[in-house]
Amino acid sequence: MTTTGARRPSDATSAEQLLDRLTAVVSPHVKVPPTGLDPAVPLAEYGLDSVTAIALAAEVEDELGVVLADDALWEHPTLDELAALLERELSGPASD
Amino acid sequence: MREWIRGGTGVAEVVLGHVERTPEALAVVDVLGSGPDGPSASWTYGDLHRRAATVAAHLRERCAPGDRVMLLYPVNRHFVAAFLGCLYAGVAAVVVPPPGGSQVQRRRAGAVVADAGVRLALTDSESSRAVRDWVAELRLSEVDVTVTDARDYADPADWRLVRTDEDSLALLQYTSGSTGSPKGVVVRHGHLAANARAFGAALGWSTPPRFGGWIPMFHDMGLIMQLVPALLAGTADVLMTPTAFIRDPWSWLDAIGRYGITCSAAPNFAYDLCVRRVDPERVAELDLSGWEYAINASEPVRMATMTDFAKRFAAAGFRERSFVPLYGLAESTVFTSATADRAPQVVRVDDVALGRGEFTAARPGAPARSVVSCGAPVSAAEVRVVDPDTGAPLPPNRVGEIWLRGDSVAGGYWLNEAETARVFRASSPGDPTEFLRTGDLGVHHDGELYVIGRLKEVLIVRGRNLYPQDVEHELRARHPELGNVGAAFCVPAGGTTEGEPGPDELVVAHEVRETDPERLAALAVAMKVTVAREFGVSAADVVLVPPGGVPRTSSGKIQRSLMRERYLARGNAGEGE
């Protein structure tokens, strides 16, 4: 289980836009500029730990209006996978 | 300082005194949201007593005094009721985190069940599913699970106080030992009382503070330096979860002002996190003027952190003299040394001389390091600094292992005579007096204790003990392509601030037969994911070496210190794979 349902429907968002927004959110948390983040590389490579993961998940939730499960960033360890998860969440019907 | 506990009584009797005299006094608050409209839930001593009595009635049917009962709760008031219920029933609490996604943590809790001989686990409705899944997964068929915030599982009228005395077992603290062989520190009622008295004397309060914070209750700092003193003093403990703090560090500081918390403790990293992550525009919304004791403990204390924090939050009324750098460890119940009500004392010492074990003033132009005092040892404890190889006491200003003696030193490790003898019964040549050896390095200077580092191979990351063999073992289990030999160790983070080394970073060196550079690179990344997921920390570097690349003794023992020296000597930039 990775998410517990969308809080509100978001604007129509393409996968690419999502990835850009996500990269912008992640960048200051791992102290790597957006251009230095390879979306196919696990965020652990950039120093993601449990404290950063919780802070990051909170900001992604605020930014995108979704609720992430505690282990979402470990189940979906790269930006690509995380963006794909968020795209499914945001386009799918709100579930519980 | 008023004596909290008369000789011969247990903690439960003291709390019952508060229940009788001040049933309407606030006992515990769960902070459930921040800001002016943030929700909370609270219990008075009367409310808490009814819940604890229900737990005790249940335990009376199921356990004999002295049995060990495991408590797996989030940070909330239901935990407090369960813990007090255990004290009422004379059973020993074994507090561990509720099972989460980390396999290492799940296995560790299983090993604790076996070591402590647990037959009953208590939890709340929020964690009950995770606890039952964990019991099933590890096939812990001997363990029954009771949900203590459920209705009608026991009748509080059936409760009877089990008389305890100073020698009665209060809890087993399992923060020591690796996952494979956890060690339960034996804490008796007398230790809890003695430690609370020493803590109170060191802080020197005239009226007991209101406690609160986000340190979890499975951590000795949360349980024994926050909840237990609050219960003994009859004041309140205001609880929030670590996750709430990490999501929004502002919420911790907000709770301190909003709920009138006057004593709140955290590891150094938490104060750093507040400086980094609290929006400066929101500082004015905070009121930290009542925060008398900002305890900084359970990882190396950094002056730069406290200076930055005091500057940033001065506008909210925070005073630098509220900082209390504190030294403690589970083996001495928890609290060991601190001095309050003054600006933190810091000494600039010669870094090169420190490497030789000498604590001397820094010379102009030479490398220097700032070390923060953990205060004068309390009168109830004797602190000795000894040569770790011979046990001979060292004079002031010589760095050695910190040894302790006094009524806070715990009763050894549960059913582990060999380790108990090694750690709790150390003595100096020609002097049979027994001391606890802490494994920490420190120095006496001007009558105060300065903690310098670690002698043992335990890594401290964000206030948690991490055992290198656990990291190495887990990596081999998850990545079978690795060989049998690896070494995890800590190195100072790259930058230094005003002569203070940054927090330590974890490095893993491991042997592997693979030679293909691309596969090696992918393996190193996968190993970092494993370390972050299972242990919650980031591995700053993973070094993969051919078989024979990690040094071992002739008997096969991994030489982590030697590997660390080699790693530092070769320079660690850009040689990750």
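**View 1. The annotated domain of chain B.** In this predicted model, the stretch covering residues 18–414 of chain B carries the UniProt feature "domain: AMP-dependent synthetase/ligase", taken from an unreviewed entry. Helix accounts for 32% of residues 18–414 of chain B and strand for 23%. Follow the stretch from end to end and you will find its terminal C-alpha atoms 31 Å apart.

**View 2. Strands E5 and E6 of chain B, side by side.** Here strand E5 (residues 120–123) of chain B runs parallel to strand E6 (residues 144–147) of chain B, and the two pair over 4 bridges. Look for B:Thr123, which sits opposite B:Val147 in E6(B). The connection from E5(B) to E6(B) passes through helix H5 (residues 128–137) of chain B, giving a right-handed β-α-β crossover.

**View 3. Inside the largest nonpolar core.** This core counts 218 residues. Among the residues with the most contacts inside it are B:Val69, B:Leu71, B:Leu84 and B:Tyr88, and the list also includes B:Val94, B:Leu506 and B:Val508. Zoom in on B:Leu71: leaving aside residues up to four places away in sequence, B:Leu71 touches B:Phe79, B:Ala82, B:Phe83, B:Ala93, B:Val94, B:Val95 and B:Leu122.

**View 4. Where chain A meets chain B.** Chain A brings 16 residues to this contact, and chain B brings 14 residues. On the side of chain A that touches chain B, helix H2 (residues 50–64) of chain A supplies the largest share, with 5 residues. As for chemical character, that side of chain A is made up of 10 nonpolar, 2 polar and 4 charged residues.

How values were computed
Residues are numbered from 1 along each chain as its sequence is written. Chains are lettered from A and ligands numbered from 1 in the order in which they are written. This is a predicted model: local features need pLDDT of at least 70, side-chain atom pairs count only at pLDDT 80 or more; totals for chains, interfaces and linings use all residues. Two residues are in contact if their C-beta atoms, placed from the backbone, lie within 7 Å. Ala, Val, Leu, Ile, Met, Phe, Trp, Tyr, Cys and Pro count as nonpolar, Asp, Glu, Lys and Arg as charged, and the others, Gly among them, as polar. UniProt positions are given in the numbering used here, feature names are shortened, and annotations may be inferred rather than shown by experiment. Two strands pair if DSSP finds at least two bridges between them. A crossover is right-handed if, with the strands pointing away from the viewer, the path from the first strand over the helix to the second runs clockwise. A nonpolar core is a set of buried Ala, Val, Leu, Ile, Met, Phe, Trp, Tyr and Cys residues joined through C-beta atoms within 7 Å. A residue is buried if 20 or more other C-beta atoms lie within 10 Å of its own, exposed if 12 or fewer, and partly exposed in between; C-beta atoms are placed from the backbone.
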